[in-house]
Amino acid sequence: MIESFIELFFARYNYWMAIILMLIGLYALIAKQNLVKKIIGLNIFQTAIFLFYISFAEVKGGTAPIYLPQGIDALYVNPLPHVLILTAIVVGVSVTAVALSLIVRIYEEYGVIDEDELMQAVRRR
Amino acid sequence: MADITGILPAITIAIPLVAAVLILIVGRYENIREGVTIAAAIAMLCSILAMLPEVLSGARISISLLPMVPGGDFALRVDAFGMVFALVASILWLLNSFYAIGYMRALKEHAQTRFFFCLAVAIAAAIGIAFSANLLTLFVFYEILTIITYPLVVHVETPEAMKAGRKYLAYLLVGGIFLLAATILTYLLTGMTDFVPGGFLAGSGSDLILRILFLLFMVGFVKAAWMPIHGWLPAAMVAPTPVSAFLHAVAVVTAGVFGIVRIAGWVFGMDLMASLGLGIFLAVIASFTIITASLFALTEDNLKRRLAYSTVSQLSYILLGVSMLSIAGMTGAMAHIPIHAFMKITLFMAAGAFIVSAGKESISDMKGLFRKMPVTVLMFSAAAIGICGLPPLAGIISKIYLALGAVEGGMPILLLVIIISAVLNAAYFFPIIYTMIFEHPDDERSLDAVTEPPLTMLVPIVLTASISVLIFFFPSMPFMDLIEIAIAEITQSVIP
Amino acid sequence: MTVINHLPVLLIAIPILASLLIFAAGWYDRRFAYPITLITVLFQFTASVILLLQVMQEGTIRYHLGGWAPPLGIELVIDSFNGFILAAIMLLAAATVVYARRSVEKEIEQEKIVSFYVLFQLLVTGLVGMTITGDIFNLYVFLEISSIAAYTLISASRKPHSYVASFNYLVLGSISAGFILLGIGNLYVATGTLNMAELAAILPASYGLATVHSAFLFLMIGFSIKIAFFPLHLWLPDAYTESPSAVTILISTVMAKVSVYALFRILFSVFTTAYIIDSFPVTGFILLMATVAIVAGAVLAIAQDDLKRMLAYSSISQIGYIMFALGVANQIALEGGLLHILGHAVMKGCLFMVAGMIIYRMGTSKLSELKGVAKTMPISCAAFALAGASMIGIPPTIGFMSKYYLVLGAFEAGLWPYAVVLLIGSLLAAVYIWKFIEIAYFGDHHDNHHTSVREGPLSMLAPMVCLAVLCLIFGVFVEVLMEAVGPAVILLLGGV
């Protein structure tokens, strides 16, 4: 029972890792009080998804998808997910930038970056 | 000529709507605004009268305006029964408009433009209900009527009025939901919602479903104010008197009972209702309402509220007539719509005149009013006697038909209901008359400043009372003729 | 001719260039920002109408970006479904832009106005891109473009609380986007393509796979957050309430509707009805949650004391109606759902415009401070009443028509207990709409502490009145809309 479970884990361990990372990110996003730590959680969450994409693009023994002497018969990893993730990384960076600037503004306005204290400060207004 | 007749139903509804827009535009010039109201009322009456000969000859005027949703186009059809309602509503709107102008100006009410705007839209909706060719169109106008009468009910804007308004809206909107559900159910059962003389539901569903459907319709037509869902009507008495008159006689409650008669005759059909045992169900509700509401009326000292309960009771006469499921009963029911409308509006207008001229709302304060306002009190008394069913007013006509129907329909116990109720009517009306004519005020000088109301109010009162008398002497023209056609239509199911 | 052929890409390319131009020109002189935005959005509106007409006549338009055919290239697809949505959202966007000028001048600091319009333009463009793209990853990219623009725009308000609202939205929005991205990844793993049409063709072979199920779940959860489907709505009330009026209008109408569109597109065009009904039966669950959303949203709306926040909760309830259509998933209910996408956008746009107008003139949207506001802002309040009537579902407004289709669809599917909830929902809507109407029209008008208040500028009034009138016109001429909606639904259900 346990052996088969372990086997399942190792057979697809890259996906499991992505999922674990994702959960860590989600946990930070939801449970952390500090707004900056929330954003770090968000980044971990996004990175997990990026890794998931990259790992399923992998082809065993494949090379980088560039033009080789063998022509298109060469075994190469799927380039499309890489391209997609390039876009997604840009998106992630932008979101992080917006989020951080919002935190700066919140700090300027309320003087706190702790969620509970922030809620209290908002309610006091 | 035929072409014009073809679109007359639409024109009839358009006239008050156009008038409503004009009223908003010229709102600040009172005389022009009132002129618009009166002109529209006259124009609408003319346009309805223009359709009368055609309807009297047994024809129907149909017009499909717009495709709407599955289940019914936006379509109008003028038939004899719709004509009865339309005729009553348009005549009374004209008279009520004069009265309202006098009343509102005498009391210097605020927001008069809003008031007349809403009245105009409401009458358009009422006529729309009368002319609807199918359940959906009827529902559309029914909802419009609900919404547009709300500002009228809460016109005085006191907290009490707002509360009453909420009650009014709650009852009527919930009713509207039931009506919509019933309409959709009808459509799903039969694939249509058009009114067909003699009904079209027969055989479309199990007895249970059809009974539930009828109950949905009954709750849907909460405007008919049958007990125990009558609560909104006395509450709505906070409104200015022309509104009460409008609610009680011209449009709102009439729309409710009109709807129930329509359902009985044109959706279910009398045969189906009989086989489902719905007649007995309706008879129980109606009898209960008639007696209980009369008893309530006895205990009310506020004149308008007593009249409100009287309305609740009288409306159920119409339901009672329907419940007999016989020709005479149905005739009585249909006849009671115009007859009750004319008499009740007289009563309300007179009650309003008492408020305007004497500032009195409680019956116990009205001692000796006869000496100061003889004409108004006389008209009030005449109409009250008419409601009790005594000649020479029209009330007796419908009551005779109802009594005949009770016997014909094999439910003599309903005869007993009619008699008891007549006694109760007398019991709550005669003391009022007695108080006003024979008793002396506690303080003789308190009535010194009281005079007859302004002519714009007095003339409509006299006119409606006279019409009530006229109907007694000339019942056939045009109401009974129209009703005869309608009855022939639903009993023989002849589609011309 | 050639320009017309390239219209789909121009619909996105020109506005993106325009947003750069706004930035550059606005750098030079702030006053250039608004006209460029206005012209661009009007261009988009015109183009979308042309495209809709073209689609209705000639069928689906497929445009290959850069001439690369799928699966290599990205495809823009305009069919009868998104053609309809596109025209609807651009109508709202155009109205919002007209409305925005004065509102933005008042609510946003001078030096931010240029960047405001840049982001505004990007938001609209991102949403247009989401609507017309035929590639699911491209959908994600446009979704993020519009989301980032929206986060920033929400925080553009002068109220400091808007930063918190924006931050919360950003966190939830990013989680949602993450889930969507994961779902797309899973789909790619299962099929090896990202083109929606190809996905639909390849997917049925692997309907049983866990990968597909998880893809479906990820997408479903992701979009449920995005459309604020109860109970994933937590970001919505703050975001709608705290953002500048023009942004509220845009995100509550255009953005909310495009997200709903994307969900419909994925559920019906990528996964097809066969999947959501047979392979992975979620419709029952969606239906249940939709009814909960309808009731809970409306009850929460009733509990609010701020006009904007009340309307925000109302949106949660109304989203429930649209999801209800998805849960019933038959022809009639989906017609109602699509109609409600348009109808709700129009009426909620109008209502938020009124709220914005009130804030513009009075600086507050607290209900308790708006007593008697109808006396000073009659046109705005009349528009509110009309759009509100549509929200309640009073015939003959568009709100009634869409709810009628929904109820009819539910009845037809035998889901009558759910249909009852729909009807209750519209009663609850009546309660919260009436809360404002009562305060605005019948509130204590004697304490005239805001006599200086008057109607807003014409550029704000005109779009508001247009939308209010559209509620009525769309309702009356619903048959014309059905010509666009009918084929769209057939397409969704997998017909030709």
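Mentor: Start with Ala228(C), which sits in the loop between α9 and α10 (236-242) of chain C. Helices here are DSSP runs (H or I, at least four residues), numbered from the N terminus. This is a predicted model, in which local features need pLDDT of at least 70 and side-chain atom pairs count only at pLDDT 80 or more, while totals for chains, interfaces and linings use all residues. Residues are numbered from 1 along each chain as its sequence is written, chains are lettered from A and ligands numbered from 1 in the order in which they are written, and side-chain values use heavy atoms, with hydrogens and water left out.

Trainee: What makes the phi of Ala228(C) worth a remark?

Mentor: Its sign. Phi of Ala228(C) is near 60°, a positive value in a residue that is not glycine. Ala228(C) follows α9(C).

Trainee: Why is Ala228(C) called buried?

Mentor: Buried means under 20% relative accessible area (exposed is over 50%, partly exposed in between; 1.4 Å probe, protein chains only). Ala228(C) has 0%, so the label buried holds.

Trainee: Where does chain B have a positive phi in a residue that is not a glycine?

Mentor: At Leu325(B), with a phi of about 55°. Leu325(B) lies in the loop between α13 (303-323) and α14 (327-358) of chain B.

Trainee: How do you know that the end C-alpha atoms of helix α9 of chain C are as far apart as they should be?

Mentor: The expected span is 1.5 Å times one less than the number of residues. Helix α9 (residues 210-226) of chain C has 17 residues, so it should span 24 Å; its end C-alpha atoms are 24 Å apart, which agrees.

Trainee: Why is α9(C) called largely enclosed by the rest of the structure?

Mentor: Because 12 of its 17 residues are buried. Among them are Phe216(C), Phe218(C), Phe223(C) and Lys226(C).

Trainee: Which helices do the buried residues of α9(C) pack against?

Mentor: In chain C, they pack against α6 (136-154), α7 (161-191), α11 (245-270), α12 (272-279), α13 (283-303) and α14 (307-328).

Trainee: Now a helix pair. Why is α15(C) called roughly antiparallel to α20(C)?

Mentor: Helix α15 (residues 331-362) and helix α20 (residues 458-476) of chain C pack at about 150°, with axes 9 Å apart. Angles over 145 degrees count as roughly antiparallel, so α15(C) is roughly antiparallel to α20(C). Their crossing is left-handed.

Trainee: What makes up the contact of α15(C) with α20(C), by class?

Mentor: There are 17 nonpolar, 2 polar and no charged residues. Ala, Val, Leu, Ile, Met, Phe, Trp, Tyr, Cys and Pro count as nonpolar, Asp, Glu, Lys and Arg as charged, and the others, Gly among them, as polar. From α15(C) the list includes Val354(C), Met357(C), Gly349(C) and Gly356(C); from α20(C) it includes Leu461(C) and Met464(C).

Trainee: Which residues is Ser380(C) in contact with, leaving aside its neighbours within four places in sequence?

Mentor: Val354(C), Met357(C), Glu455(C), Leu461(C) and Met464(C). Contact means heavy atoms within 4.5 Å. Ser380(C) lies in helix α17 of chain C. Its relative accessible area is 0%, so Ser380(C) is buried.

Trainee: Which peptide bond is cis, with omega near 0°?

Mentor: The one from Pro395(C) to Pro396(C). Pro396(C) is in the loop between α17 (378-392) and α18 (398-412) of chain C. Chain B has a cis bond from Met227(B) to Pro228(B), with omega near 10°.

Trainee: How do chain A and chain B lie?

Mentor: No contact joins them, and their closest C-alpha atoms are 33 Å apart. Of the 2 pairs of chains that touch, A and C have the most contacts.

Methods:
Axes are lines fitted to C-alpha atoms, for helices over the stretch in contact, and angles run from 0 to 180 degrees between N-to-C directions. Helices (H or I, at least four residues) and strands (E, at least two) are DSSP runs, numbered from the N terminus. Angles under 35 degrees count as roughly parallel, over 145 as roughly antiparallel, 65 to 115 as roughly perpendicular and the rest as oblique. A crossing is left-handed if the near helix is turned anticlockwise from the far one by less than a right angle, and right-handed if clockwise.
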